[in-house]
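Let's take a walk through this one together. Have the sequence and the model side by side, and we'll go from strands to core to charged pairs.

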Amino acid sequence: MADQEQTLYSQRFRGFFPVVIDVETAGFNKDTDALLEIAVTTLKVDDEGVFSLDQTLHFHIEPFAGANIEQSAIEFNGIDPFSPLRGAVAEGDAIKEICKMVRKAQKAAGCSRSVVVAHNAAFDHGFLNAAIERNNIKRTPFHPFVSFDTTSLAGLALGQTVLAKACRTAGIEFDNSQAHSALYDTERTAELFCYIVNRWQELGGWPLPPKTEETQEPAQD
């Protein structure tokens, strides 16, 4: 089972290991605004190549020293950055734990590099990269710029780009009252990504047919 799983995983995304991420922040500027919450979900694949959720890791984050906090942002996500009830941890400690978990899962899947999967991925990926750089974390499993954006994938596959609407169109339950929690949004995004990848396989889009002589690329002169 393990060898088959590794083979299927490493072949599916050319050796990349998709890791679903969601962040909650105190603004839109990755360099100046606080990262307040982060969750990551890894995926597993069965013998038939069907993807599903595996492990989830979630942290409330203490604002880094000198971080900017936009009042409008925390009013929107409902987070009190300084509440002792959050159980927040240092940003560097959270990112190190995430990297450790992801590296282990990536290795077990036989993959060479992890890729961020997120809804509007540039935003979440940017805040992750900024936190990695800010905490001088050298051993990171994440590709620095490649990401899989479920906004684009859902637009193609479902005709929807809003996470809640895309999930409902795919038959995935989505509770608006729990939205804008990194843990909830990460797991719904992971379900959406798995739905799209699995549906593409069901429709015959994967695996690709083997190349024949007629479809081989012409030799270069």
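**Strands, core and charged pairs**

Start with aspartate 22, whose bridge partner in S2 is alanine 39. Keep in mind as you look around that this is a predicted model. The pairing at aspartate 22 and alanine 39 belongs to a longer run: seven bridges join S1 to S2, and the two strands are antiparallel. Now look at alanine 39 from the S3 direction, where histidine 58 stands opposite it. S2 and S3 are antiparallel as well, with eight bridges between them. So how much of S2 is covered? Mostly covered is the answer, with ten of its eleven residues buried.

The hairpin of S2 and S3 has five residues between the strands, and in it glycine 49 takes a positive phi near 80°. Further along, in strand S3, you reach threonine 56. At 30% relative accessibility, this threonine counts as partly exposed. Leave aside the neighbours within four places in sequence, and threonine 56 is in contact with Val40, Thr41, Leu183 and Glu187. For a sense of scale, try going from threonine 56 to alanine 157: they are 101 residues apart in sequence, and their C-alpha atoms are 25 Å apart in space.

Next, the parallel part. Strand S4 (residues 113-118) and strand S5 (residues 142-149) run parallel, and four bridges join them. Serine 114 is a good place to look, since it stands opposite phenylalanine 142 in S5. What do S4, helix H4 (residues 121-134) and S5 make together? They make a right-handed β-α-β unit.

H4 itself deserves a closer look. The helix has 14 residues and reaches 20 Å from its first C-alpha to its last, close to the 20 Å expected at 1.5 Å a residue. Its buried residues are Ala121, Asp124, His125, Gly126, Phe127, Leu128, Ala130, Ala131 and Ile132. What do they pack against? The buried residues of H4 pack against S1, S2, H3, S4 and S5. After the helix comes asparagine 136, which has a positive phi, near 55°.

Pick out histidine 125, which lies in helix H4. With a relative accessibility of 5%, this histidine counts as buried. Setting aside neighbours within four places in sequence, histidine 125 is in contact with Val116, His143, Pro144, Phe145, Val146 and Ser147.

Time to go inside. The largest nonpolar core has 41 residues, and Ile21, Ile38 and Phe142 are those with the most contacts inside it. The elements giving two or more residues to this core are strand S1 (16-25), strand S2 (35-45), strand S3 (51-60), helix H3 (91-108), S4, H4, S5 and H7. Which element gives the most? That would be H3, with seven residues.

Zoom in on isoleucine 21. Not counting residues up to four places away in sequence, isoleucine 21 touches Ile38, Ala39, Val40, Val116, Val117, Ala118, Asp124, Leu128, Phe142 and Thr186. Apart from the largest core lies another one, of 13 residues, including Ile172, Ala179, Leu192 and Ile196.

Finally, the charged pairs. Side chains of opposite charge can pair when their charged atoms come close. How many salt bridges does the structure hold? There are four, and we'll visit some of them.

Arginine 188 forms a salt bridge with glutamate 191, with the closest N and O atoms 2.5 Å apart. These two residues are three apart in helix H7 (residues 182-202), so about one helical turn separates them. Is arginine 188 buried or exposed? Its relative accessible area is 12%, so arginine 188 is buried. Glutamate 191, in turn, counts as partly exposed at 27% relative accessibility.

Follow H7 along and you find glutamate 202 in a salt bridge with arginine 199, the closest N and O atoms being 3.1 Å apart. Here too the partners are three residues apart in helix H7, so the separation is about one helical turn. Glutamate 202 counts as exposed, at 59% relative accessibility, whereas arginine 199 is partly exposed, with a relative accessible area of 35%.

The last stop is lysine 30, which forms a salt bridge with aspartate 31; the closest N and O atoms are 3.2 Å apart. Lysine 30 counts as partly exposed, at 34% relative accessibility.

How values were computed: Residues numbered from 1 in each chain as written. Predicted model: local features only at pLDDT ≥ 70, side-chain atom pairs only at ≥ 80, totals over all residues. Heavy atoms only, no water. Salt bridge = Lys/Arg side-chain N within 4 Å of Asp/Glu carboxyl O. Buried < 20%, exposed > 50% of the residue type's maximum accessible area, 1.4 Å probe, protein only. Pairing = 2+ DSSP bridges. Right-handed = clockwise from strand over helix to strand, strands pointing away. Core = buried A, V, L, I, M, F, W, Y, C linked by side-chain atoms within 4.5 Å. Contact = heavy atoms within 4.5 Å. Expected span 1.5 Å × (residues − 1).
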